[in-house]
Amino acid sequence: MALFRMHGRRERTRARLWAAEQALDAIGTALDERTLCEELARFLCPGLCDAVAVDVLPPAGSGGVPRAADAPERAAVRGRAALLDAPDARPARGRTAPACLCLPMRAHGQVQGMLLAARAGRGFSRDETDILRHAARLTALLIVHARSHAAARGTALDLQRALLAEPGRPHPNLELATRYLPSGRGSLVGGDWFETVRLHFGRTLLVVGDVMGHGVDAAVDMNAYRSALRYVASADLPPHRVLRHLDATMAATAERRPATCLLVRVDPARSTATFTGAGHLPPVLFTPDGEARLVPVPVGPPLGTGVGGYEAVTRRLSGGETLLLFTDGLVERRDEDIDASLARLTGRWTTPGIGAEELLDAVLARCDAEHAEDDVAVLAARVRRRPAAADGTDPAPV
């Protein structure tokens, strides 16, 4: 920070420009207002200041003005905090400021918080005070942007939660459990979804899908896919034909985003399950003794491309077996191959005989879904079994 004390107009201008560039590099690495305040404090102290504190006001109310009744919250403090309690702390005026400054963090005509800066022994020069003001204003602008981003993310999340409130009710012969976990990272929520559709003769169609992209648009497209799926599935077509119709319907709307999807039609009376996929990860089958393995499913193109070409495969589904359908957020990690991620779900690691709800809890814990890099939607279903008959014959599905 020695450049802050240069003499001469040219040198002073260069020093101030250099400091402004450094502030741009140091402040604004995250869309989180507390992180922004900590970066502001770290940029100023040590160096220009011996102590810094950053207080933020609550977000603006409906009138666009921060609520005066709420006290500011201290978001960051750094250095010799005792200097901040100096009795001469006041707004800077004149060519030479006092040793402790209180500067408003103003953006778009509204005060977002206050910057307290202190230095022992001597006051701040006019150039140094201008640097403080610039850093405070830059942080205020970034706080407004972070709050706007948080509000948009909240809107998208509320929309998706409303759209995912509850899947359709399956037949009573199926035990069902679902979870939706939005990503805790900075990106907006995506288009992950699940659904169940009752069919004739005690059959149920299980669905999980993922619209490409994030944000409100992805959530809106997700609702369009989900509504179209319900309509097409009501005709009780084979699962691969459901995907074919859904693909053609969505491809007819140019602005609709592509989506992956997995369908499983469960028929408890015949102890079978029919699988078909549109660019989606395969499901996992958990046996009654606790072993888990991937179910091979023919992979077709994502929905909305208009390419078509979906195939189905049918396999037996015995009582006590549990199917797990999920979106890629459960297993995909940037630093890990997808095969290694999927292998974490397979093998003999679960407690034999646990219910669908307990199984989902175990799966989410094993995959550390709380820290997933993308949204996670999971659905677990298994056929309910009647108690064994008195003559010892095998029980039948409900």
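Entry 1. I count a residue as buried when its relative accessible area is under 20%, and I began with Phe286 in this predicted model. Phe286 has a relative accessibility of 3%, so I noted this residue as buried.

Entry 2. I then looked up the strands around Phe286, and found that strand 10 (residues 284–286) runs antiparallel to strand 11 (residues 291–294), with three bridges joining them. Phe286 stands opposite Ala292 in strand 11. The two strands, 10 and 11, make a hairpin with four residues between them, and in the turn Gly290 has a positive phi of about 95°. Strand 11 also pairs with strand 15 (residues 347–348), again in the antiparallel sense and over two bridges, and there I saw Glu291 opposite Arg348.

Entry 3. Which kind of aromatic pair do Phe286 and Trp349 form? I found one aromatic pair in the count. The ring centres of Phe286 and Trp349 are 6.0 Å apart and their planes stand at 80°, so I recorded the pair as edge-to-face. Because Phe286 belongs to strand 10 while Trp349 sits in the loop between strand 15 and helix 7 (356–366), the pair ties together parts that are 63 residues apart in sequence.

Entry 4. Last, I checked the confidence: the protein has an average pLDDT of 81, and 79% of the residues score at least 70. The mean is lowest in helix 1 (residues 9–26), at 63, and highest in strand 9 (residues 272–278), at 97. Over residues 1–6 the pLDDT is below 50, and this stretch has 14 contacts in the model beyond near neighbours in sequence. I keep in mind that predicted coordinates should not be read in detail where pLDDT is low.

Definitions and conventions: Residues are numbered from 1 along each chain as its sequence is written. This is a predicted model: local features need pLDDT of at least 70, side-chain atom pairs count only at pLDDT 80 or more; totals for chains, interfaces and linings use all residues. Side-chain values use heavy atoms; hydrogens and water are left out. Two strands pair if DSSP finds at least two bridges between them. Rings of Phe, Tyr and Trp (its six-membered ring) pair if their centres lie within 6.5 Å; planes under 30 degrees apart count as stacked, over 60 as edge-to-face and the rest as tilted. Buried means under 20% relative accessible area, exposed over 50%, partly exposed in between (1.4 Å probe, protein chains only). pLDDT is the predictor's confidence in each residue, from 0 to 100. Contact means heavy atoms within 4.5 Å.
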